[in-house]
Amino acid sequence: YEYEKNARVASDGENFCVVWQSDPLGSPIGINGTFVSKSGDVSHPDGIQIFLGPHSASTPDLCFDGSRYFIVWCDGGYTLGVYGLFLSTDGTPSPVNGELILFMDCSTYTPAVCWNGELFYIAFAGFISVHQTKIVGARFNHLGECLDQEAVLLSTAPIQDAYSPDVCWDGNNFLASFGATYLYDNYKIMA
């Protein structure tokens, strides 16, 4: 059996690229994907393996930078960081710094990535302290290299946990939104 979940999609203007977390029983969790044409034709109905490594790869996200897709993921808290690679429009993966693109001194989850024409911005959940997950973010150049010495804390309000970020560009600024928990049972959306 194989469990497929956490699908994300992006477009190059001609076709769509769909990626998802693939969880085959007895194997590490990896990232699979396929391309879908405007007319709905699926290039690889069973998916192609984009990444399968020594660590589990979960909750992918992707964006298109004008020539290729940038796919990012976390490993579900097993190691400390955000991983990524570039994927050409023909499906050829190209590693970025051996896939680990940002080391964090905490477990990381659910990255979201956006391109503004010059930079990528990645926001993700980080298990910052005991019983507290916060949203952090960092900028990356067109090569996938981190431009920030440390990821920037985005969820600064006094909340218990923050989760499931998304990020977009409006032509001037990046904006990250995310879910937040106050006092264990009060849920809010923040930006």
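How many bridges join strand 5 to strand 6, and in which direction do the two strands run? In this predicted model, five bridges join strand 5 to strand 6, and the two run antiparallel. The pair forms a hairpin in which four residues lie between the strands. Within the turn, G66 has a positive phi of about 105°. Across the hairpin, D61 stands opposite V72 of strand 6. A further relation concerns T59 and V72, which are 13 residues apart along the chain and whose C-alpha atoms are separated by 8.5 Å.

Strand 6 also has a partner in strand 7. Five bridges join strand 6 to strand 7, again with an antiparallel course. In this pairing, I71 stands opposite L85 of strand 7. Strand 6 is mostly covered, since six of its six residues are buried. The cover extends to both faces of strand 6: Y69, I71 and W73 are buried on one side, and F70, V72 and C74 are buried on the other.

The aromatic residues of this region deserve separate attention. A pair of aromatic rings is described by the distance of the centres and the angle of the planes. The count of aromatic pairs comes to ten. One of them joins W73 and Y83, whose ring centres lie 6.3 Å apart with the planes at 10°; planes under 30 degrees apart count as stacked, and the pair is therefore stacked. This pair links distant parts of the chain, with W73 in strand 6 (residues 69-74) and Y83 in strand 7 (residues 81-87), ten residues apart. Both W73 and Y83 are buried.

A second aromatic pair is formed by W115 and F120, and this one is tilted, at 4.4 Å centre to centre with 45° between the planes. Buried means under 20% relative accessible area. W115 has a relative accessibility of 18% and so counts as buried. F120 is likewise buried, because its relative accessible area is 0%. Beyond this pair, ring pairs link F70, F86, W115 and F120 into a cluster.

Which strands form the open sheet, and in what order? The open sheet consists of four strands in the order 1-2-3-4, with antiparallel pairing. Its edges are strand 1 and strand 4 (48-51), each of which pairs on one side only. From one strand to the next, the twist averages 35°. Inside this sheet, eight bridges join strand 2 (residues 15-24) to strand 3 (residues 30-37), and these strands run antiparallel. There, F16 stands opposite V36 in strand 3. Strands of a sheet pair through backbone hydrogen bonds, either parallel or antiparallel.

The surface of the model offers a further topic, its pockets. Rolling a probe the size of a water molecule over the atoms shows where empty space is left. In the largest pocket, that space is about 290 Å³. The largest pocket is lined by 17 residues, and the closest to its centre are R8, D61, P111, A112 and D166. D61, which stands opposite V72 in strand 6, thus brings the hairpin described above back into view.

Which strands each supply at least two residues of the lining of the largest pocket? They are strand 1 (2-11), strand 5 (58-64), strand 9 (108-115) and strand 13 (161-169). Strand 1 is also an edge strand of the open sheet, and strand 5 is also a partner of strand 6. By character, the lining of the largest pocket comprises ten nonpolar, four polar and three charged residues.

Two residues in these strands have backbone angles worth noting. T59 has a positive phi of about 45° although it is not a glycine. T59 is placed in strand 5, and a relative accessible area of 18% means that T59 is buried. S164, another residue other than glycine, has a positive phi near 50°. S164 lies in strand 13. Is S164 buried or partly exposed? S164 counts as partly exposed, because its relative accessibility is 47%.

Key: Residues numbered from 1 in each chain as written. Predicted model: local features only at pLDDT ≥ 70, side-chain atom pairs only at ≥ 80, totals over all residues. Heavy atoms only, no water. 1 Å grid on protein atoms, 1.4 Å probe; cavity = no way out; pocket = protein on both sides within 12 Å on 5 of 7 lines; lining within 4 Å. Points joined across faces, edges and corners; volume = space filled by probe spheres on them. Nonpolar A, V, L, I, M, F, W, Y, C, P; charged D, E, K, R; others polar. Pairing = 2+ DSSP bridges. Axes fitted to C-alpha atoms, helices over the stretch in contact; angles between N-to-C directions. Phe/Tyr/Trp six-rings, centres within 6.5 Å; stacked < 30°, edge-to-face > 60°. Buried < 20%, exposed > 50% of the residue type's maximum accessible area, 1.4 Å probe, protein only.
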